[in-house]
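Colleague: Before I use this model for anything, I would like to go through the labels attached to it and ask what stands behind each of them.

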Amino acid sequence: MFRLNAGSFTEIGPAGDWSQPTLTPDHTGLIAVSRGVHFSDLYLLGLDGHVVKRITKNDSRYVESNHWAFYPRVSPDGANLVFSYDSPKSTKGVEEGVDLSVWNMPLNGAQYQARRWTDPYWYTGGDVSPIPLASGGLLFVRHSIDPSTVVHSQIYYQAHALAIAKPLTSEADDCSQPALSPDGTQLAMICSRGKQTTALEVAPFNGTALGPARVLQDGGLFASPAWSPDGKALAYFAPTGLTGHFQLWYLPLPVAATPSATTSPSPSTAAHAAAVVAPPPAAPMPVQVTEGVDLSATSPPVWY
């Protein structure tokens, strides 16, 4: 893991395979994934990367009893931690499945207090990228298989643990990697629509449903959007150059132009009420932030 500040990178955290850092709501710590050979665990870290505590213990003397934990997120009130976890393991068919479900546990509690929230579509990879909402609900990405055996990803909303989840995007859109704006009113996401390229989109969110999405960038391999603290810009990853290594990009969000007022005279020359004409917002221009590095496209940046 690295911190980027004032144009300089500083490595943080102990040695190891670290990924998917997320910030605590009070901005005093990070939750990150530490990956072992056959398991992964969640750790609470200081902002400088030092280990505060190990949250999960997923390694075992027996490989088949190991577990994987990914995609940690802290609830807005700082009380709970949600993450994707490969339990229960499916025993359907000949081989065991290791699909991920979303689990919830007290941030300052113990792993045995964790409770399962979602029931995944087996043999697809499962449910990932959870976002706990201030309302107590949950956004997450669910993978499914259609009759032609094509795997799709959709963003879902779920009101409470093990409730029936509601899709917010269609199978055809193939949307994933959601990122909720700081004020909770917009959702950024990556959608592929079954193509080999992706689009970076933003849609209004009212707490349970999405409005029409705006395509901000299209025709590339965009990944892992993250909002600026003021909600006026996005950071994301996209490859550049012959190597195809992912770099960090910055995208200011379009701001609607100031409406102009026009008047229409009446036969009696009395002015009618002004008609408001709002020109469409100008298309944002992305700015490449890094060059010559190789960033992990599955670990969204933390912007604070």
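**Labels and the values behind them**

Modeller: Let us begin with a loop residue in this predicted model: R193 is placed in the loop between β16 and β17 (198–204).

Colleague: Why is R193 called partly exposed?

Modeller: Its relative accessible area is 37%, and since buried means under 20% and exposed over 50%, a value in between is called partly exposed. The backbone of R193 also has a positive phi of about 50 degrees, although the residue is not a glycine.

Colleague: Which other residue that is not a glycine has a positive phi of about 50 degrees, and where does it lie?

Modeller: That is D174, whose place is in the loop between β14 (166–167) and β15. With a relative accessible area of 10%, D174 is buried, because the limit for that word is under 20%.

Colleague: What makes C175 and C191 a disulfide?

Modeller: Their sulfur atoms are 2.0 Å apart, and the criterion is a pair of cysteine sulfur atoms within 2.5 Å, so the pair qualifies. A search of the whole structure finds one disulfide. The pair links distant parts of the chain, with C175 in strand β15 (residues 175–180) and C191 in strand β16 (residues 186–191), 16 residues apart. Both cysteines, C175 and C191, are buried.

Colleague: Why is the disulfide of C175 and C191 called right-handed?

Modeller: The torsion about its S-S bond is about 105 degrees, and the disulfide is therefore right-handed.

Colleague: How do you know that β15 and β16 pair, and in which sense do they run?

Modeller: Four bridges join β15 to β16, which run antiparallel, and pairing requires at least two bridges, so the condition is met. Within this arrangement S176 stands opposite I190 in β16. The two strands β15 and β16 form a hairpin with five residues between them, and G184 in the turn has a positive phi of about 75 degrees.

Colleague: What can be said in the same way about β7 and β8?

Modeller: Strand β7 (residues 69–74) and strand β8 (residues 80–85) pair in the antiparallel sense over four bridges, with S84 in β8 as the bridge partner of F70. Five residues lie between β7 and β8 in their hairpin, where G78 in the turn has a positive phi of about 75 degrees. In the loop between β8 and β9 (101–106) lies P88, and the peptide bond from S87 to P88 is cis, with omega near 0 degrees.

Colleague: How many aromatic pairs does the search of the whole structure find, and why is the pair of W18 and Y43 called edge-to-face?

Modeller: The search finds 10 aromatic pairs. For W18 and Y43 the ring centres are 5.4 Å apart and the planes stand at 70 degrees, so the pair is edge-to-face, given that the centres must lie within 6.5 Å and that planes over 60 degrees apart carry this label. W18 lies in strand β3 (residues 17–23) and Y43 in strand β5 (residues 40–46), so the pair ties together parts that are 25 residues apart in sequence. Both W18 and Y43 are buried.

Colleague: What makes the pair of F140 and Y156 stacked?

Modeller: The distance from centre to centre is 5.8 Å and there are 25 degrees between the planes, and because planes under 30 degrees apart count as stacked, the label follows. F140 belongs to strand β12 (residues 138–145) and Y156 to strand β13 (residues 151–158), so this pair ties together parts that are 16 residues apart in sequence. F140 is buried, with a relative accessible area of 0%, and Y156 also counts as buried, at 12% relative accessibility. In addition, the charged end of R142 sits over the ring of Y156, 5.2 Å from its centre.

Colleague: How is L42 placed, buried or exposed?

Modeller: L42 is found in strand β5 and counts as buried, at 0% relative accessibility. Among the residues that L42 touches, not counting those up to four places away in sequence, are I31, V33, I55, L81 and F83.

Colleague: Where does pLDDT stay under 50?

Modeller: That is the case over residues 257–278, for which the model has 18 contacts beyond four places in sequence. Where pLDDT is low, the predicted coordinates should not be read in detail. For the chain, the mean pLDDT is 90, and 89% of its residues reach 70 or more.

Note on methods
Residues numbered from 1 in each chain as written. Predicted model: local features only at pLDDT ≥ 70, side-chain atom pairs only at ≥ 80, totals over all residues. Heavy atoms only, no water. Buried < 20%, exposed > 50% of the residue type's maximum accessible area, 1.4 Å probe, protein only. Phe/Tyr/Trp six-rings, centres within 6.5 Å; stacked < 30°, edge-to-face > 60°. Lys NZ or Arg CZ within 6 Å of the ring centre and 35° of its normal. pLDDT = per-residue confidence, 0-100. Contact = heavy atoms within 4.5 Å.
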